[in-house]
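Please describe the two protein chains shown below, with attention to how they fold as wholes, how one helix is packed, and where the backbone departs from the common pattern.

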Amino acid sequence: MTGMYRFVTGYFTVLLLISMAVPASAQIEDQLSAYTGRNATGYLKPLADAFGADMNAGLFNSAQIPKMGPRIRLEIRVISVIFGDGDRTFKARTEGDFTPEQTVDAPTVVGQGQAKIIGGDAGTSFAFPGGLDLSSFAIAVPQLRFGAVHGTEALIRYFAVNTGDTEIGDLSLFGFGLRHSISQYFGKQLPVDLAAGFMWQRFKLGDDLISANTFMFGVHASRKFVIMEPYAGLSIDTFSMDVTFDSDVLEDEIFLDFEKETSLHLTLGLNINLTYAQLFGEFSLAGQNSFSFGLALGI
Amino acid sequence: MKKILGNCRFVLILCAVAGANGCIMEEKVLEIVITEKTCIKLHEHHTSEIYSTPAVIDYAGEIENILEDKGVSRSEIKRGIVVSATHEVTSFSQSTNWIISGRITVRRTDGPDDGPVDILSYDSISVPAALGKVSPVDLNPDGVALLNRALKSFIDGSNPELEFVVISGEGDVDPDPTLLNPMIFNWQPCITIQVIIEQRLDVPDPF
């Protein structure tokens, strides 16, 4: 019983980790309020890219799917993007009636915390808000994998958190995917296990603050050597995001549409198979590179 | 079952690693920028082109209201700056196309001997054409410097009060207002300011 209690406690610790993004989200809305559309898009872009990369990673750790039989695994994934120097600034333009109009390198949401202040006509100045000075952006997601029917398994990602903040609202992620074994049709002819699949996910924070959608389809391969199982995957990822916030400058609501981005995604990872558990780590090369590690429990 | 429970310890270790505050959460110091306008509401009713219209602004009160709206306190302000200025005619119902020029001066009235100096000037504005239209105006460096000093003084704990005076001289209004045809309108010059707030926040930055 103690072990199960600890497991539940641990599971909720992970949910807590997810909800830790909420204070940062509130702060981001404050930071954005100084901007109108164009600057706001540039300011947020590194975080949007990182979020898309995180959501589309950590979806598999093996291509081996049994033809028939029970498979049920509860997985916990930590997925992270490390930001580079290029993510820390963007070309920002002065706003409102400030003269002369200027374009400068200003901090993005992950850039330096210090505001950038420039001089203008008649001793006026214009300030661009600082960022959160982030080195990385990580999410921890619980997911449930189950099957298998005719070499097909399903994956569900889900969490929902009541933030307790009426301005921010609730946070939720739901994702659903299917994978089908290709290698089952080739018997022993293939040197590796092969599977193909898709995954759709939707993330929402508040009624309108952030709404993001991802879709992935691709092929996965792996080969088991005793307990070690290297795996790889090639997929096409799409990510789109909408952000709505109140602007101080326009005294109105601003709607940002981060248009759908499509990128090729190569995953390389290693899975360690224990009796009722699996440990795995992987690196993803995509529009924004990421790494992931985690643990699966079950059969 | 023993094996499953044993494996649960891996989850605990992972969660402990992930959930340790020192590892996940980092305190960051960041500067937020709040942009707001302070407007001077003026009523003009003149029978001559030579006039002056004074208006006193509780500058400290205006900034306090802005901060209250944003939920921040005066002690959190790191710096305040003047960004730009605009004007807008807010009401006008006459048929005369008044063309006005002039300047607005500013001075501190809460104690310090600062001003009056010109803060902005305007040239050949058509009053009916400016109705409901927000237009930029040129600022004067001396006036901007005075406002910046007032902002600094506010941050340092004073409560600056400013007197703005609209000054119109000879040849500044066309046609000349008369007793039979007085010039009547309301307008509001607005000054855009930014206050930079320093805040400390724990954010997740695990790697």
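The report below goes from the chains as wholes to one helix and then to single residues.

This is a predicted model, in which local features need pLDDT of at least 70 and side-chain atom pairs count only at pLDDT 80 or more, while totals for chains, interfaces and linings use all residues. Residues are numbered from 1 along each chain as its sequence is written, chains are lettered from A and ligands numbered from 1 in the order in which they are written, and side-chain values use heavy atoms, with hydrogens and water left out.

**The two chains**

Helices (H or I, at least four residues) and strands (E, at least two) are taken as DSSP runs numbered from the N terminus. A residue is called buried under 20% relative accessible area, exposed over 50%, and partly exposed in between, with a 1.4 Å probe and protein chains only. A contact means heavy atoms within 4.5 Å, and accessible areas come from the Shrake-Rupley method with a 1.4 Å probe, where for residues only the protein chains shown count as cover.

| Chain | Helices and strands | Buried residues | Exposed area |
|---|---|---|---|
| Chain A | three helices and 14 strands | 52% of the 299 residues | about 12,800 Å² |
| Chain B | four helices and 11 strands | 49% of the 207 residues | about 9,600 Å² |

Carbon and sulfur atoms supply 60% of the exposed area of chain A, and in chain B they supply 50%. Among contacts in chain A between residues at least 6 apart in sequence, 59% join residues at least 24 apart; in chain B, residues 24 or more positions apart account for 84% of the contacts with a separation of 6 or more.

**Helix 3 of chain B**

Helix 3 of chain B comprises residues 59-70, and its 12 residues reach 17 Å from the first C-alpha to the last, close to the 16 Å expected at 1.5 Å a residue, where the expected span is 1.5 Å times one less than the number of residues. The buried residues of this helix are B:Tyr59, B:Ala60, B:Ile63, B:Ile66 and B:Leu67. They lie on the same side of helix 3 of chain B because they cover an arc of only 125° around the axis, the arc being that of the directions from the helix axis to the C-beta atoms. On the other side of the helix, B:Glu68 and B:Asp69 are exposed.

What do the buried residues of helix 3 of chain B pack against? Their partners in chain B are strand 1 (25-39), strand 3 (51-57), strand 4 (77-91), strand 9 (162-168) and strand 11 (183-204), together with helix 4 (141-155).

Two packed helices are described by the angle between their axes and the distance between the axes. Helix 3 and helix 4 of chain B pack at an angle of about 65°, with their axes 11 Å apart; axes are lines fitted to C-alpha atoms, for helices over the stretch in contact, and angles run from 0 to 180 degrees between N-to-C directions. The contact is made by B:Tyr59, B:Ala60, B:Ile63, B:Glu64 and B:Leu67 of helix 3 of chain B, and by B:Leu147, B:Ala150, B:Leu151 and B:Phe154 of helix 4 of chain B. Following helix 3 of chain B comes B:Gly71, whose phi is positive, near 70°.

**Two buried residues of chain A**

A:Arg157 has its place in strand 7 (residues 152-162) of chain A, and it counts as buried because its relative accessibility is 0%. A:Arg157 and A:Glu75 are 82 residues apart in sequence, yet 9.4 Å apart in space, C-alpha to C-alpha. A:Ser211, in strand 10 (residues 210-222) of chain A, also counts as buried, at 17% relative accessibility. Leaving aside residues up to four places away in sequence, A:Ser211 touches A:Phe203, A:Lys204, A:Ser240, A:Met241 and A:Asp242.

**Backbone exceptions**

Most residues other than glycine have a negative phi, and most peptide bonds are trans. A cis peptide bond joins A:Gly147 and A:Ala148, with omega about 0°, and A:Ala148 is found in strand 6 (residues 136-149) of chain A. Another cis bond joins B:Asp174 and B:Pro175, with omega about -5°; B:Pro175 lies in the loop between strand 10 (173-174) and strand 11 of chain B.

A:Asp133 is not a glycine but has a positive phi of about 50°, and it lies in the loop between strand 5 (125-128) and strand 6 of chain A, partly exposed with a relative accessible area of 38%. B:Ser124, likewise not a glycine, has a positive phi of about 55°.
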